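Reader: Hey, I've just opened this one and don't know where to start. Can you walk me through it?

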Amino acid sequence: MLRNLYSSWKKIPVRIRGTIIISIPIGYLFTSLIAFAWLKASLVEDEAWVQHTQKVRLETKRLLTALVDAETGVRGYGLTRRDAFLTPYNQARAVIPDSLTKLKNLVQDNLQQTQRLEEIRGLVNENLEILQHKLTLQQELKKLKGREELVVSTIVLYDWLEEGKAAMDATRAKIDQFATEEERLLNERKQHQELYRQITWSSICLSAIIGTIGGLLAFHLFYQLEIELNERESSLRQSNQQLQRFTANASHELRAPLAAILSNAQLGLMLLEEEPAEAKQRLEKIVGLTKSIGNLVNELLFLARHEGLIAPESIKLIDLGSLLNDLTPDWQNQAESQNIAFKTQLPIESIIVKADADLLRLAVVNLLSNACRYTNAGGKVWLRLLKKSDRAIVQVEDTGIGIPPEALAHIFERFYRVDQTRRKVQGGFGLGLAIAQQIIQAHNGEITVSSKLGVGSIFQLSLPLEIANYQTAVVPVNGKSK
């Protein structure tokens, strides 16, 4: 899967890949900033809610304290008749309305608490009325008697103290219920705040990890892109060098026969009337040179038209053994005419490959032509077909003049010839091996060579075997179906 992803990635244009690589850290930065801003806003909101709830709790305690102070002040005044006890009562009456107003403003966003507060307000007002009524009665009683009571009846005192107790207990219960709900809300908001703190820290750690991975990934992709660009630059430089060498060689190869054609034509015209026989030889030479140039042009056109491309409709399942068997008789005769022993080692079993039969035949013919051309009389040429693992192997071996080690790296270049000995050989332009290599590479294959000077050379073609069921799908290579 990773290989497929990497392969798909390499198919994307370099400009787009560079943009994607740059966008990785930038996108991560903006994503992190947005995430941090959202988490920060959530923490600020939670902190505001916690402080708000704290204010409600404090104001609730203030209300309850004021109510208790009011009740205590009235009780103290009732028991002692001293005006000093009325001070906390009067202060409480001033605090209680203000506290209720603040609580109303604080809990106005909570409908349930607002309803409870209204109930508390009603009970508090009721309690204040009872306390005021008790206080008024005590003050009136004091005026009537005109003196301080030294002894108070226990029954009267108990009845006076118990008056309004139920209302006060109900009020306290309601305030406690209100305070309990606020306590619950406070705990809930603290838990929510703690959760977001943990999320924030986790996000920071995760961001650090993702940032590191993203940075390493961007660095790796940049590094790979740099390598690829360097390879492309090197390949382009090499292609330019090859193009320059190809142009120079092509112009040289064309210039020499064209000059020969021109000189022979001029000489033939001069000798046409005086020496017809010699003029005829000159004209025949012109024909031969013209054919040679025609072959060169055809080979150049082939290289240009089949630059790594094969028409899909020409790819078929072929029996490689049958194809090589068809070539054997012609090359047997060709080798015998040059006093060269031609031997084949072809298996009986079918070896199936997916290929263009005509192009594959041309690649093998070029190797055989090369082997016969550079093998002296009395030498040998072998044509072998092997099967190794999932590959079909075609070998062309000769006992020819061999190739120097320093030339092996250039042997498949166009117009390349090893030395002057090869330059003097008739009929070749140094394109046969380049054509063979191009054909094999277009079939996802590989062509290699090993050679020793004075001993001979072995050219090897390696093609992927076709594993599919081919019993009824193999195309004929000699006019007959297998």
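Author: Sure, with one term up front: two strands count as paired if DSSP finds at least two bridges between them. Also keep in mind that this is a predicted model.

Reader: Got it. How many helices and strands are in the chain?
Author: The chain has 11 helices and seven strands.

Reader: And how much of the chain counts as buried?
Author: Of its 482 residues, 34% are buried. The area the chain exposes comes to about 28,700 Å², and carbon and sulfur atoms supply 58% of that.

Reader: What about contacts between residues 24 or more positions apart?
Author: Take the contacts with a separation of 6 or more: 76% of them are between residues 24 or more positions apart.

Reader: Back to the bridges, then. Which residue is the bridge partner of Ser450 in β7?
Author: That's Ile458. Ser450 sits within the span of β6, residues 446-452, and β6 pairs with β7 in the antiparallel sense over seven bridges.

Reader: What goes on in the hairpin of β6 and β7?
Author: There are three residues between the two strands, and Gly454 takes a positive phi near 80°.

Reader: Which residue stands opposite Ile458, on the β5 side?
Author: Glu397 stands opposite Ile458. Strand β5 (residues 391-398) and strand β7 (residues 456-464) run antiparallel, with eight bridges joining them.

Reader: How many bridges join β4 to β5?
Author: Eight, and these two strands run antiparallel as well. Leu386, for example, stands opposite Ile393 in β5. The β4 and β5 hairpin has two residues between its strands, and there Ser389 has a positive phi near 55°.

Reader: Why is β5 called largely enclosed?
Author: Because seven of its eight residues are buried, the rest of the structure largely encloses it.

Reader: Let's look at a side chain. Where is Arg384?
Author: Arg384 is in strand β4, residues 380-388.

Reader: Buried or exposed?
Author: Arg384 has 13% relative accessibility, so it counts as buried, since the cut-off for buried is under 20%.

Reader: What does the Arg384 side chain make polar contacts with?
Author: One is with the side chain of Gln345, at 3.1 Å. Another is with the side chain of Glu397, at 2.7 Å. Glu397 is the residue we met opposite Ile458. Setting aside neighbours within four places in sequence, Arg384 is in contact with residues including Leu346, Ile393, Val394 and Gln395.

Reader: Switching to helices: how does the span of α9 compare with what it should be?
Author: Helix α9 covers residues 357-373, which is 17 residues, so at 1.5 Å a residue it should span 24 Å. Its end C-alpha atoms are 24 Å apart, which agrees.

Reader: What caps its N-terminal end?
Author: Asp356 does, with a side-chain oxygen 3.0 Å from the backbone nitrogen of Asp358.

Reader: Which residues of α9 are buried?
Author: Among them are Leu359, Leu360, Val364, Leu367, Leu368 and Cys372.

Reader: Since a cysteine came up, how many disulfides are there?
Author: The count comes to zero. As for individual cysteines, Cys372 is buried, with a relative accessible area of 2%, while Cys205 is partly exposed at 45%.

Reader: Okay, where is Thr60?
Author: Thr60 is in helix α2, residues 14-80. At 3% relative accessibility, it counts as buried. Beyond neighbours within four places in sequence, Thr60 is in contact with Leu103, Ile175, Phe178 and Ala179.

Reader: Last one: where is Ser350?
Author: Ser350 is in the loop between β2 (341-345) and β3 (352-355). It counts as partly exposed, with 28% relative accessibility.

Reader: What does its side chain contact?
Author: The Ser350 side chain has a polar contact of 3.2 Å with the side chain of Asp319. Ser350 and Ser322 are 28 residues apart along the chain, and their C-alpha atoms are separated by 7.9 Å.

Key
Residues numbered from 1 in each chain as written. Predicted model: local features only at pLDDT ≥ 70, side-chain atom pairs only at ≥ 80, totals over all residues. Heavy atoms only, no water. Helix = DSSP H or I, 4+ residues; strand = E, 2+ residues; numbered from the N terminus. Expected span 1.5 Å × (residues − 1). Buried < 20%, exposed > 50% of the residue type's maximum accessible area, 1.4 Å probe, protein only. Polar contact = N/O pair within 3.5 Å; in protein donor to acceptor, adjacent residues only side chain to side chain. Contact = heavy atoms within 4.5 Å. Areas by Shrake-Rupley, 256 points an atom, 1.4 Å probe, with all protein chains shown as cover. Disulfide = S-S within 2.5 Å.
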